[in-house]
Amino acid sequence: MRASSTESGRRAGTLVSASDDESQNGDPIVIRGVHKRFGDVEVLRDLNVSFKNNAITTILGPSGTGKSVLLKHILGLLEPDIGTVEVSGVDIWSLTEDEVYELRKRFGVLFQDGALFGSMSVFDNVAHPLRMHTEYSEEKITELVWERLGEVGLQEAADKEPGAISGGMRKRAGFARALIMNPDLVMFDEPDSGLDPVRTSLLNRLILQMHKQYGGTYVLVTHDIETARKVSDYVGMLWKGQLVYYGSLQGALESEDPFVRQFISGEEDGPLGMD
Ligand SMILES: Nc1ncnc2c1ncn2[C@@H]1O[C@H](COP(=O)(O)OP(=O)(O)OP(=O)(O)O)[C@@H](O)[C@H]1O
């Protein structure tokens, strides 16, 4: 699904959805009024955002602006000081431990470094969630893992340990593992970090291919505008714990708003400072 160019992104605070009608009905992930502080540092400030079903939404922002903190709230790894994080209409902090365990199975996560187990082969890394969370036979697991490794182009590296393959291959292995349980919610924490532009492009293409094939609600955080341009249906621009823009990719690219223009162009001069 691509957002239409008639959609206009707006400065956030009030805005909670990137769609025309700003309805959150059916949005699988909804963040309402979230504040998060670490000591004196207020990282998220009344953040309101909902993520569209079956779309790829990219959260852009400079280093240290709270992108990973936002992702950890979605994953239930951090609890808001104020506000709620709802998945499929349910406040995740109202769930029992067993319900959280079940919810986690719906998430696939690709962390910055791939977060692979260093002493396991690529095959075993990808098989791990299936061995932990399903009763599938080894035969079935082998079939599923082999299929995923084929999709990410890693069958030949199946027996290698993560330390013996390149950074780009580790990301692809992490991606295969993130998708192995057929998650409907897929989170990426800076998938492009540490990759050269060509490998970043290849990974972005793979993200688009897998999304097209399997669908799902993808949320990707990055500070790389090129990645956002290539993969996003929607973009959010996070600065000082709030969204200064949230809307369609097209709307961001065409925006006259000085915040948005500075984000897109990466220019030093503009309303976004270093402080
Ligand atoms: N567990 C924590 N305890 C204390 N401070 C934290 C914690 N997690 C994050 N922070 C602080 O919150 C702020 C935002 O961090 P975050 O990792 O979300 O930034 P980011 O936008 O993802 O940056 P980058 O692009 O560099 O990864 C930083 O000042 C960071 O030091």
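How many bridges join strand 1 to strand 4, and do they run parallel or antiparallel? That was my starting point today. I found five bridges between strand 1 (residues 29–38) and strand 4 (residues 82–87), and the two strands run antiparallel. I picked out one residue to anchor the pairing: His35 has Ile82 of strand 4 as its bridge partner. A reminder to myself: this is a predicted model.

**Overview.** I stepped back to look at the whole protein. The secondary structure comes to nine helices and 10 strands. Of the 275 residues, 43% count as buried. I also looked up the contacts with a separation of 6 or more, and residues 24 or more positions apart account for 70% of them.

**The open sheet.** Back to strands 1 and 4, to see what they belong to. They sit in an open sheet of four strands, ordered 2-1-4-5, with antiparallel pairing. Strand 2 (41–51) and strand 5 (90–91) stand at the edges; each has a single partner strand, so one side of each is left without a neighbour in the sheet. I then asked which helix packs on this sheet. Helix 1 (residues 67–74) does, touching strand 1, strand 2 and strand 4. The direction of helix 1 makes about 125° with that of strand 1.

**Strands 6 and 7.** Next I moved on to a parallel pair. Strand 6 is joined to strand 7 (residues 185–189) by four bridges, and the two run parallel. Here I noted Val109, whose bridge partner in strand 7 is Met187. Which way do the side chains of strand 6 (residues 107–110) point? I saw them alternate along the strand. Gly108 and Leu110 point to one face and are buried, whereas Phe107 and Val109 point to the other face and are not buried.

**Helices 3 and 5.** My last stop was a helix pair. The axes of helix 3 (residues 122–133) and helix 5 (residues 167–179) come within 7 Å and cross at roughly 25°. Angles under 35 degrees count as roughly parallel, and I therefore put helix 3 and helix 5 down as roughly parallel to each other. The crossing of helix 3 past helix 5 is right-handed. Which residues meet there? From helix 3 I listed Val122, Asn125, Val126, His128 and Pro129, and from helix 5 Ala173, Ala176 and Arg177. I sorted the residues of this contact by type and got five nonpolar, two polar and one charged.

Conventions. Residues are numbered from 1 along each chain as its sequence is written. This is a predicted model: local features need pLDDT of at least 70, side-chain atom pairs count only at pLDDT 80 or more; totals for chains, interfaces and linings use all residues. A residue is buried if 20 or more other C-beta atoms lie within 10 Å of its own, exposed if 12 or fewer, and partly exposed in between; C-beta atoms are placed from the backbone. Two strands pair if DSSP finds at least two bridges between them. Two residues are in contact if their C-beta atoms, placed from the backbone, lie within 7 Å. Axes are lines fitted to C-alpha atoms, for helices over the stretch in contact, and angles run from 0 to 180 degrees between N-to-C directions. Angles under 35 degrees count as roughly parallel, over 145 as roughly antiparallel, 65 to 115 as roughly perpendicular and the rest as oblique. A crossing is left-handed if the near helix is turned anticlockwise from the far one by less than a right angle, and right-handed if clockwise. Ala, Val, Leu, Ile, Met, Phe, Trp, Tyr, Cys and Pro count as nonpolar, Asp, Glu, Lys and Arg as charged, and the others, Gly among them, as polar.
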